[in-house]
Amino acid sequence: MLNRMRQSALARGEIRIDAGQAKRAGERKAAERAQRRKGPAAVQYDDGRDPQGIGNVFGRMVRDRGWTSPVAVGSVISRWEELVGPQISAHCRPESFEATTVVVRCDSTAWATQLRLLSHSLLKHFDEKLGPGVVTAIQVIGPAAPSWRKGMRRVAGRGPRDTYG
């Protein structure tokens, strides 16, 4: 009877497979069904045509062209409040960035002194956030004082002493 069933299956065009092949075929079909339920798969290209995020593309372009330090310089100026915090950024502003030195102007001598005391911890923080060696020194400048030398006649001396640096 088993031989008759095999002959009739062969006459219908069915191919005989063993149990191992049948199990693998069932697993393959189940995986295909699960993939269809998840939705269309992202197309993966072998030749670099796979869509990339703008951050990855921009980061690779900056690295390949050697722009890492100019971008870091711009990052110090533009992200000043984020890097130093809102309290310091309310009283101290970066004026320039020259050869790994940030020049910062404070609005009072008290804040200039405070920033000089905090400069070591700020440099460590800059190394963590921007990378080592981007900022190596912070030059702190006090507030700009008005000129008291007006008119033809002047009194010799240093002028008024207030919080002008």
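# A guided tour from Ser119

Begin by selecting Ser119, which is buried at a relative accessible area of 18%, because burial is assigned to values under 20%. The model on display is predicted. Ser119 belongs to helix H7, which spans residues 109-130. Show the side chain of Ser119 and follow it to the backbone oxygen of Arg116, which it reaches at 3.0 Å.

**From helix H7 to strand S3**

Next, select residues 137-141, which make up strand S3. Which residues of S3 form its covered face, and which its uncovered one? Ile138 and Val140 lie on the covered face, while Ala137, Gln139 and Ile141 form the uncovered face. As a rule, the side chains of a regular strand alternate between the two faces of the sheet.

Add strand S2, residues 101-106, to the selection. S2 and S3 run parallel and are joined by 5 bridges. Within this pairing, Arg105 has Ile141 of S3 as its bridge partner. The path of the chain may now be traced from S2 through H7 to S3, a β-α-β crossover that is right-handed. The helix of that crossover, H7, is the one that contains Ser119.

**The hairpin of S1 and S2**

Keep S2 in view and select strand S1. In which sense do S1 and S2 pair? The two strands are antiparallel, with 6 bridges between them. Together S1 and S2 form a hairpin in which 2 residues stand between the strands. Select Ala99 in the turn, where phi is positive at about 50°.

Now display Cys92, which stands opposite Cys106 in S2. Are these two cysteines buried or exposed? Cys92 has a relative accessibility of 0% and therefore counts as buried. Cys106 also counts as buried, because its relative accessibility is 2%. The structure holds 0 disulfides, so no pair of cysteine sulfur atoms lies within 2.5 Å.

**Charged pairs**

How many salt bridges are counted in the structure? The count comes to 2. In general, side chains of opposite charge can pair when their charged atoms come close.

Return to Arg105 and add Glu95 to the selection. These residues form a salt bridge, with their closest N and O atoms 2.5 Å apart. The pair links distant parts of the chain, since Arg105 is in strand S2 and Glu95 in strand S1 (residues 92-98), 10 residues apart. Arg105 counts as partly exposed, because its relative accessibility is 27%. Glu95 is likewise partly exposed, with a relative accessible area of 45%.

For another salt bridge, select Arg79 and Glu82, whose closest N and O atoms are 3.3 Å apart. Arg79 is partly exposed at 27% relative accessibility. Glu82 is exposed, because its 56% relative accessibility is over the 50% limit.

**The aromatic pair**

A search of the whole structure finds 1 aromatic pair. Select the rings of Trp80 and Phe126: their centres are 6.2 Å apart and their planes stand at 50°, so the pair is tilted. Where along the chain do Trp80 and Phe126 lie? Trp80 is in helix H5 (residues 80-84) and Phe126 in helix H7, so the pair ties together parts 46 residues apart in sequence. Both rings belong to buried residues: Trp80 has a relative accessibility of 1%, and Phe126 has a relative accessibility of 1%.

Two further distances may be drawn from this pair. From Trp80, draw a line to Pro94, 14 residues away in sequence; the C-alpha atoms are 7.5 Å apart in space. From Phe126, draw a line to Val84, which is 42 residues away along the chain; the C-alpha atoms of these residues are separated by 8.8 Å.

The tour thus ends in helix H7, where Phe126 lies and where Ser119 is also found.

Definitions and conventions: Residues numbered from 1 in each chain as written. Predicted model: local features only at pLDDT ≥ 70, side-chain atom pairs only at ≥ 80, totals over all residues. Heavy atoms only, no water. Helix = DSSP H or I, 4+ residues; strand = E, 2+ residues; numbered from the N terminus. Buried < 20%, exposed > 50% of the residue type's maximum accessible area, 1.4 Å probe, protein only. Polar contact = N/O pair within 3.5 Å; in protein donor to acceptor, adjacent residues only side chain to side chain. Pairing = 2+ DSSP bridges. Right-handed = clockwise from strand over helix to strand, strands pointing away. Salt bridge = Lys/Arg side-chain N within 4 Å of Asp/Glu carboxyl O. Phe/Tyr/Trp six-rings, centres within 6.5 Å; stacked < 30°, edge-to-face > 60°.
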